[in-house]
Amino acid sequence: MSSILIIEQILNGLQFGVMLFLMAAGLTLIFGVMGLINLAHGSLYMVGAFAAAAVAGATGSFLLALVAALAAAALAGAIVEMAVIRRLYKAPHLDQVLATFALILIFSEGTRWVFGSFPLFLDIPDALSGPVTLPGGIEYPLYRLTLIGIGLAVAVGLWALIERTRLGIQIRAGENDREMIAALGVDISKLYTLVFALGAALAGLAGALVGAIQSVQVGMGEPVLILAFVVIVIGGIGSVRGAFIGALLVGLTDTLGGVFLPELFKLFMDTGAAQKSGAALASMGIYVLMGMVLIWRPTGLFGARA
Amino acid sequence: MSDPVLATLNLNKSFGALKATDDVSIDLKPGEIHAIIGPNGAGKSTLIKQICGGLKPDSGRVTLCGQDVSDQSTQVRAQAGLGRTFQISELCMEDTVLENAVLGAMGAENLSWRFWRPALKRPELRDRAEVALERVGLSDERDTRCANLSHGQRRQLEVAVALTLSPRAFVMDEPMAGLGAGGSKRLTGFLDGLREEAPILLVEHDMDAVFTLADRISVLVYGKVIATGTADEIRTSPEVRDAYLGDEA
Amino acid sequence: MRLDEKYLNGLLIAGLLALPLWALVMDQPFTITLVTRAVILALAAVGLNIILGIGGMVSFGHAVFFGIGGYAMGILAYHAQTYTALDLGFFTTDGTKSMPVIWLMAMVTSGIVAFFIGLLSLRTSGVYFIMITLAFGQMFFYFAISWAQYGGEDGLSIYVRNDFPGLNTLMPIQFYAICFTLLCAVLFLFARLQASPFGLALNAARQTATRVETVGLNPMRLKLLAFVLSGAVTGLAGALFADLNRFVSPTMFSWQLSGELIVLIIIGGVGRLMGPVIGACVFVALEHFLGDLTEFWHVYLGVILLCIVLFGRGGLIGLLTGKEGAHV
C-alpha cells in the first residue's frame with residue numbers, strides 16, 4: 001500500500017472528523033450550558049442541507065446557499081428552542097430524549113411534505129471542484145480540502161468565542177453556575193436561545209457542506225447525529241475541546257478502519273472473507289473505540305460531570 | 001473499659017489545600033452516645049461519609065467491632081452493622097412509609113434476591129418493619145407515600161429505617177435538624193433509651209439535645225478534634241471556648 | 001372520570017381477547033395480524049419496562065435484544081429450511097423450526113449479551129448511559145448489515161412460520177393465541193417481580209441508590225440482573241416478531257426501534273404494569289389509521305408524543321386513573 005493512499009485516507013478522515021466536529025460542538029455546548037440532550041440536532045443538519053439545496057437551485061450561488069443554510073438552521077433552532085426546548089431544561093433526561101425524538105419525527109415528515117421523498121442535489125461550486133496537487137505530488141479534491149479548512153477555522157473561531165468574548169464568559173459561567181449569571185443580570189433565556197441557535201447554525205452549516213458531496217435527503221441527519229453523540233461521549237459531554245479531539249478520533253477511525261482493516265485481514269484470510277470481516281469490524285470500530293474510552297474513563301476524555 | 005464498637009484511627013482527608021479531616025481518632029463505646037459538635041464547615045459531614053463508606057480517606061483506618069472496614073463499600077459496612085441516618089432525608093419518596101421500612105428489613109435479612117412472594121407479605125420483613133415504625137410512632141402512617149410526609153415525619157422514618165437494620169452502632173447526622181421544639185424533645189427521649197441497644201455517634205447542632213444526651217462530646221474545628229470529654233468538661237474547656245463557643249458568644 | 005387501575009387492566013386484557021375473536025368471526029385476518037403486532041411490541045416494551053419503569057435505566061439500545069431474538073429465530077429457521085449445518089463451535093446443529101427451542105435460544109442469547117452490555121453500561125449513568133446503550137445498538141445494527149452469511153442488509157426470509165406442538169401456527173388466530181398467552185404470562189411475572197423484594201429494592205435503587213447501599217444492598221447487582229431479565233424478555237418478543245413477519249433484517253436493531261419501545265412505555269405510563277400494552281395498542285392503531293389517512297402520520301405521532309411529554313406525565317394510564325407514573 002502506497003504512502004500516497006495513506007495520506008489521502010488520513011485527509012479523508014480529517015475531513016469527516018471536522019464535519020462531525022461542527023455537529024458535535026453544538027450538541028456539547030447545548031448540553032454543557034443548558035443540560036439538554038438534543039436528539040433533534042440531526043434535523044437541524046438536514047434543515048441546513050435542504051435550505052442550501054433549495055437556494056442553490058434557485059440562485060445558482062453556493063455562497064448564498066451556505067448563508068441560507070446558516071440562517072435557516074439558526075432560525076429553526078431559535079423557534080424550536082422558544083416553543084419546546086426551553087420547557088425541557090429542568091426535565092429528566094427521559095423527557096428530553098422523548099420530546100426531541102418527537103421533534104425528529106415532526107421535522108423529518110415535515111420536510112418530506114415540503115420537498116418530497118426524492119433526494120435533492122447540491123453541486124460543488126466550480127471554483128472548488130477538481131483536484132489540487134499537494135506537496136509530494138498527491139492529488140486531492142479541492143472541495144474536501146476546503147471542508148477541512150472551514151472546519152478548522154470554525155474550531156478556532158469557537159475557541160476564540162468561548163475564551164475571548166463576553167458571550168463566551170457567559171457561556172462558561174452558565175456551565176458552572178446558572179443562578180450566578182442570572183444574578184449578574186444576564187438575560188438567561190436569551191442566552192439559552194442564542195446558544196441553541198449557534199449550535200443549530202453549526203449543524204446547518206455542516207449539513208450544507210456535506211450535502212454537496214452526498215445527496216440531500218430526509219433522514220440524512222440521524223446517522224450523523226449518532227456519530228456526533230459518540231464523539232461527545234468520547235470527548236466528555238460539555239467539553240468543546242473534547243468534541244474536537246473526539247471528532248477527529250472518530251473520523252479517522254471510521255475512515256482508516258474501512259480502508260485498512262480489510263487489507264489487514266487479507267494477510268491471513270482469502271480476499272472475499274477479508275473484505276467482509278474487515279468491513280464489519282470497521283463499521284463497528286468507532287463503537288468499540290467508544291466502549292474502550294468509557295471503560296477507561298466513564299465520563300469521557302475531558303468530561304467532568306456524569 | 002470495654003472495646004469500642006466503632007473507631008476511627010488517624011483519619012485524614014484533604015480537598016486540594018483544604019484539610020477537611022485532620023488526623024481524627026474517635027471511638028464509640030458500648031452503651032454510650034458520643035456527640036460530635038463543631039461549627040459549620042468543621043468537617044462533620046466529611047467525617048461521617050468516611051466512616052460510612054461514601055468517601056475514601058487519604059489515610060487512616062475505620063474499625064467496626066474490631067474489624068477493619070476501611071476498604072469496604074458502604075453496603076458491606078451496613079451489613080456489618082452500621083446504621084446511618086442522613087442529614088437531608090434520603091428516602092424513597094414515591095414509596096410508602098412501610099415500603100421504606102421494609103427496604104431496611106430486606107437489608108437486615110439480606111433478602112433482596114427473592115422474586116416471587118411480595119415483599120410486603122413476607123412476615124419476616126413486615127414484622128421487622130412494623131416494629132421499627134411502631135417504635136418511632138409512625139405506625140398510623142404506614143400507607144402514606146413518603147412524599148406526603150411532613151418534614152418531622154421523614155426524620156422519624158430515617159430513624160425507623162436505621163432501626164430495622166438492628167445495627168451494632170448508629171451514626172446519626174443531625175437527626176434533630178428542622179424538628180420543632182416538641183419533636184426534638186421527643187426524639188431526645190427516644191435516643192436516650194436507644195443507646196442501650198446500640199451506641200450512637202451523634203452529629204448534632206441542637207446543643208440542648210447534645211448536652212442532655214451525650215456521654216462524651218468531641219469538638220471538631222477545621223477538621224481537627226480539639227477536645228473530647230464529658231458535657232461538663234467540654235463546657236468548661238478553655239480551648240473549646242476559644243475555638244468554638246467563643247465564636248458564638 | 002377516574003378508573004381503578006385494576007379494572008382498566010382487566011378491560012384491556014378483555015379487549016385483547018375480544019378483538020381478535022371478533023375479527024375471526026368477521027373473517028378479517030389482517031386485523032388479527034395487527035393485534036398480534038401490538039401484542040408482540042407490548043411484550044418487547046414490558047421487557048424494557050423492567051429496567052426503565054422499575055429500575056429507572058433509560059436504555060436507548062433495547063432494539064439490540066429485539067434484534068438478537070429476531071436473528072436467533074432467523075438463523076435457526078434458515079438452517080432448518082436449507083438443511084445446512086450451523087456450527088456453533090462447541091456443537092453443530094441443523095437448526096430448528098420449533099418455537100419453544102427458538103424462544104429459549106433467543107432468551108438465553110439476549111440474556112447473555114445483556115449481561116455484558118449491562119456490565120459495561122452500568123459503569124456510567126445519566127446521559128452517558130443513554131448514549132452508550134445507543135452506541136451498542138448501532139454496533140449490532142452495523143454488524144447485522146455486514147453479516148453477509150445471513151443476508152446482510154437485505155435480511156433473511158423464512159418461508160414457513162415455525163411450529164408449535166399441537167397448534168397450526170399458520171392460522172393467524174392460533175399464532176395470536178401463542179403471543180397473547182406469552183404476553184399474559186410475562187405480565188404476570190412482571191407483576192410478581194415488581195412486588196417482590198427484588199422489585200422493591202430495584203425500585204428503590206431508581207429513586208436513591210444511596211439509600212439502598214445504606215441498608216446494605218448492592219444497587220449495581222440489582223440493576224445488572226434487571227438488565228439481563230429485561231433483555232431476555234425483549235429477545236423473546238424479537239423472536240415472535242420475526243416469526244410474525246417471517247422475516248428478519250437489520251432494521252430490528254435500528255435505533256428508531258429502540259426509541260419506539262421507549263415511546264410505547266411513555267404513551268401508556270412508565271412503571272405501570274399495563275403501560276406498555278396500552279402504549280403498543282395505541283401506537284399500532286395510530287400507525288394503522290393515521291397511516292391510512294396520510295403518509296405523513298409520523299408528524300401526528302410526533303405532536304402527540306410532545307404533548308404527552310410536556311403536559312401529561314403518567315401517560316394514558318395516569319390520565320385515566322389519576323396516578324402519576326414513576327419518575328425516571
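**Chatting about chains A, B and C**

Modeller: Let's start with chain B of this predicted model. Take its contacts with a separation of 6 or more: 64% of them join residues 24 or more positions apart.

Biologist: What makes two residues count as in contact here?

Modeller: Their C-beta atoms, placed from the backbone, have to lie within 7 Å. That is the test behind the 64% for chain B.

Biologist: And which helices and strands does chain B have, in numbers?

Modeller: Its secondary structure comes to nine helices and 11 strands.

Biologist: Why is chain B called as compact as a globular protein of that length?

Modeller: Set the value against the rule: the radius of gyration of chain B is 18 Å, and the globule rule gives 18 Å for 249 residues. The two are close, so chain B earns the label. As for the box its C-alpha atoms fill, that is roughly 60 × 40 × 40 Å along the principal axes.

Biologist: How much of chain B is made up of buried residues?

Modeller: They come to 49% of its 249 residues. To be counted, a residue needs 20 or more other C-beta atoms within 10 Å of its own.

Biologist: Now a single residue. Why is A:Phe115 called partly exposed, rather than buried or exposed?

Modeller: Count the neighbours: A:Phe115 has 16 other C-beta atoms within 10 Å. Buried takes 20 or more and exposed takes 12 or fewer, so a count of 16 falls in between and A:Phe115 is partly exposed.

Biologist: Where is A:Phe115 found, and what is it in contact with?

Modeller: Look in helix H4 of chain A. Leaving aside neighbours within four places in sequence, A:Phe115 is in contact with A:Phe50 and A:Leu120.

Biologist: How do you know that chain A and chain C are in contact?

Modeller: By the 7 Å cut-off between C-beta atoms, 38 residues of chain A are in contact with 38 residues of chain C. On the chain A side, H4(A) supplies the largest share, 16 residues.

Biologist: What makes up that side of chain A by class?

Modeller: There are 27 nonpolar, six polar and five charged residues.

Biologist: How many residues do chain B and chain C each bring to their contact?

Modeller: Chain B brings 28 and chain C brings 22. Helices H2 (74-79) and H3 (97-109) of chain B each supply at least two residues of the side that touches chain C, and H3(B) gives the most, with six. By class, that side of chain B has 15 nonpolar, six polar and seven charged residues.

Note on methods:
Residues are numbered from 1 along each chain as its sequence is written. Chains are lettered from A and ligands numbered from 1 in the order in which they are written. This is a predicted model: local features need pLDDT of at least 70, side-chain atom pairs count only at pLDDT 80 or more; totals for chains, interfaces and linings use all residues. Helices (H or I, at least four residues) and strands (E, at least two) are DSSP runs, numbered from the N terminus. The radius of gyration is taken over C-alpha atoms; the globule rule is 2.2 Å times the number of residues to the power 0.38. Ala, Val, Leu, Ile, Met, Phe, Trp, Tyr, Cys and Pro count as nonpolar, Asp, Glu, Lys and Arg as charged, and the others, Gly among them, as polar.
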